[in-house]
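Please open the structure in a viewer and keep the sequence panel visible. The tour below proceeds by selection, with a short account of what is found at each stop.

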Amino acid sequence: MLSVAVTGCGMPAAAPSWHHQARHHMVAADHPDASRAGLAILRRGGNAVDAAVATSFALAVVRPESCGLGGGGFMVIHRPGTDPVALDYREQAPAASNINLYRDENGEFVPERIRRGALAVGIPGTVRGLCYAHKKYGSGKLTLAEVVGPAFHLTGNGTIPIDEHLRLALCGLYADKVGGHAVPETEQAFVRQIGSYAHINEHYYRITNLKRTLYAIALEGEDYFYEGPIADDIVATLKQFGGVMTHADLANYEVREFTPLKFDAFGYQCLAMPPPSSGGAVIGEAFNLLSALGVQPGQSIDKHLLAETLKAAFADRAHFLGDRSPAVLHDVQRMLDAERATELARRINRDRASTTSTWGNIAISDDGGTSHLSVIDRNGMAVACTESVNLEFGSRMRVAGWGFVLNNTLDDFALDATTPNAFGLRQSERNLLRPGARPLSSMSPLIVLKDGKVRLVAGASGGPRIISSTVQTALNVLVVGQSVRAAVAAPRLHHQWLPEKLYVQPFQDVELLNELRRKGHTLQTRRDIGHVQAIERLPDGTLRAACDPLKGGRPAGD
Ligand code: DON
């Protein structure tokens, strides 16, 4: 039955390049085969949600380092003529999670325990999220098996070609293994499962067993994952290595549905992800602050003011945000308030970089494995979806019999307000690990409307750099007036308040860099500042898409 669906759908080609123009519908994912999967579904009459679900299942095959069935994500959906929705299928702390599990016998935190191996794994949300989205917001014309079909097709003979991004991720994995780091037992097993060291010199990565997993989900539904044989194996695998996730955790996992965060900026209406994402609040606050600093449509963006804005907004992220609670939701509204923007603008000096202490004294996380996809269909429905396993290859554990990687998203929690996370940084107490909570995220799916019609769909991967890269892409299109292709290709900068560094991509204008140094910024070059996938819709209906050339995606559309 599934193979009929697969053969029936065919697999269209992705665009020959990282940017593309189309008339009717478009998918922009960070792997060409994933965009093709979404386009196949759009051609069969599926809507933007069906296409996003198909694209995401395809990413679970071709981007195992970034996302997949063992991870979680967020989806923002614009539905012409009716209310937009935001789906939260982020990973969640198991009921038996306990901060003391991460302490040694002297009571000291061992951060490595929340970063790698069984205690790093949050209850995966992706399968339930995708099935929920398909059932509730899909067109109803295509069965789950049909939507999973293209992904199933991509599992081919149990291997996928290794592209540059996957090659680098594998190199990172092996570098840790041979580089003298203490590699946990679980990680050694992971490396053994996916191949020998020589594997990275070959062209194919083994995805053994994923075919049967997709087949089972497509035909049996999500319960096969959350309450059936896959759940049994997730629980058994984690238990073997000291994990605490139970059958009840998986069976009780629920998708949360919210109204997206709505704010106006530069004459547009934005739909963004509310907590546990920090993306919407930080983007909204940054846009407000830039407006308060005098940025107007038609102007270029002053990079010093942009850096100061990011510092201020990231500091608020660290102080105010965490999983949903009345206090967090209250402070999100405060962050979006025009008065807050005026107050922050007063603290910014136009000629001099602020010190980090201007904005308080705690910091946020920085990390490395996520995937963003954008879709617009022929009826103007749009989806912005970002999914992750957190760091590349997540916890570096696989559920062997089913071939997928388990996340290490619990590392997005803080253990306490002083213990540094994976990158030596700290976070606020509002984001402390608690049983049943979902950790704060930087994933920032964004949809921008003009007079009720979609103008831009954007988002990125790249930890906290997701927020800055999405902000800059949106500003380049909406304020500066660049095409989405120029906007995605433009070199970006990133400031996350702490550390006291302004990260800049190569190929920035030398004069600009000198001016930033003169104003007191400490610059550090960074190859990647987020990987953005964006689609814009022009007033005449033309769709233009760009997939960040540094990750290797290509859009697909007609
Ligand atoms: O939700 C978050 O903020 C992180 N788990 C995202 C990690 C990420 O983007 C890694 N990057 N490519």
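Begin by selecting strand S4, residues 85–89. In this predicted model, S4 is mostly covered, and five of its five residues are buried. Display the side chains: Val-85, Leu-87 and Tyr-89 point one way from the strand, while Ala-86 and Asp-88 point the other way.

Next, add strand S3, residues 72–78, which pairs with S4 in the antiparallel sense over five bridges. Two of the facing positions may be labelled. Gly-73 stands opposite Tyr-89, and Met-75 has Leu-87 as its bridge partner. Follow the chain through the hairpin of S3 and S4, where six residues lie between the strands; there, Gly-81 takes a positive phi near 80°.

Now select S7, residues 256–258. S7 and S4 run antiparallel and are joined by three bridges, and Phe-258 in S7 is the bridge partner of Ala-86.

The view may then be widened to the whole sheet. Which strands make up this open sheet, and in what order? There are seven, in the order S7-S4-S3-S11-S10-S2-S22, with antiparallel pairing. The edge strands are S7 and S22 (556–557), each of which pairs on one side only. In general, the strands of a sheet pair through backbone hydrogen bonds.

Two helices should be added to this picture. Helix H3, residues 48–62, lies across S2, S3, S10 and S11 and runs at about 155° to S10. Helix H5, residues 126–137, lies across S3, S4, S7 and S11, running at about 155° to S4.

Select the cysteines next. How many disulfides does the structure hold? The number is zero. Cys-131 forms no such bond because the closest cysteine sulfur, in Cys-385, is 13 Å away, too far for a bond. Cys-131 counts as buried, at 5% relative accessibility. Cys-171 is likewise in no disulfide, and the nearest cysteine sulfur, that of Cys-67, is 20 Å away. Cys-171 is partly exposed, with a relative accessible area of 25%.

Proceed to the ligand. Of the 15 residues around the ligand, Gly-369, Thr-370, Asp-412, Ser-441 and Ser-442 come nearest. Three distances may be drawn here:

- From a nitrogen atom of the ligand to an N or O atom in the side chain of Asn-390: 2.8 Å.
- From an oxygen atom of the ligand to a polar side-chain atom of Ser-441: 2.6 Å.
- From an oxygen atom of the ligand to a backbone N or O atom of Gly-463: 2.7 Å.

Then select Met-443, in the loop between strand S13 (404–406) and strand S14 (446–450). Is Met-443 buried or exposed? Met-443 is buried, with a relative accessible area of 3%. Beyond its neighbours within four places in sequence, Met-443 is in contact with residues including Gly-72, Gly-73, Phe-74, Arg-90, Thr-370 and Ile-466. The C-alpha atom of Met-443 is separated by 8.8 Å from that of Gly-280, 163 residues apart along the chain.

Finally, turn to another open sheet, of three strands in the order S17-S18-S19, with mixed pairing. Its edge strands are S17 (493–494) and S19 (523–525), each pairing on one side only. S18, residues 502–504, pairs with S19 in the parallel sense over three bridges. To end the tour, label Tyr-503 and its bridge partner in S19, Gln-524.

Technical notes: Residues are numbered from 1 along each chain as its sequence is written. This is a predicted model: local features need pLDDT of at least 70, side-chain atom pairs count only at pLDDT 80 or more; totals for chains, interfaces and linings use all residues. Side-chain values use heavy atoms; hydrogens and water are left out. Helices (H or I, at least four residues) and strands (E, at least two) are DSSP runs, numbered from the N terminus. Buried means under 20% relative accessible area, exposed over 50%, partly exposed in between (1.4 Å probe, protein chains only). Contact means heavy atoms within 4.5 Å. Two strands pair if DSSP finds at least two bridges between them. Axes are lines fitted to C-alpha atoms, for helices over the stretch in contact, and angles run from 0 to 180 degrees between N-to-C directions. A disulfide is a pair of cysteine sulfur atoms within 2.5 Å. A residue is near a molecule or strand if one of its heavy atoms lies within 4 Å of it. A polar contact is a pair of N or O atoms within 3.5 Å; within protein, one must be able to donate a hydrogen and the other to accept it, and residues adjacent in sequence count only if both atoms are side-chain atoms.
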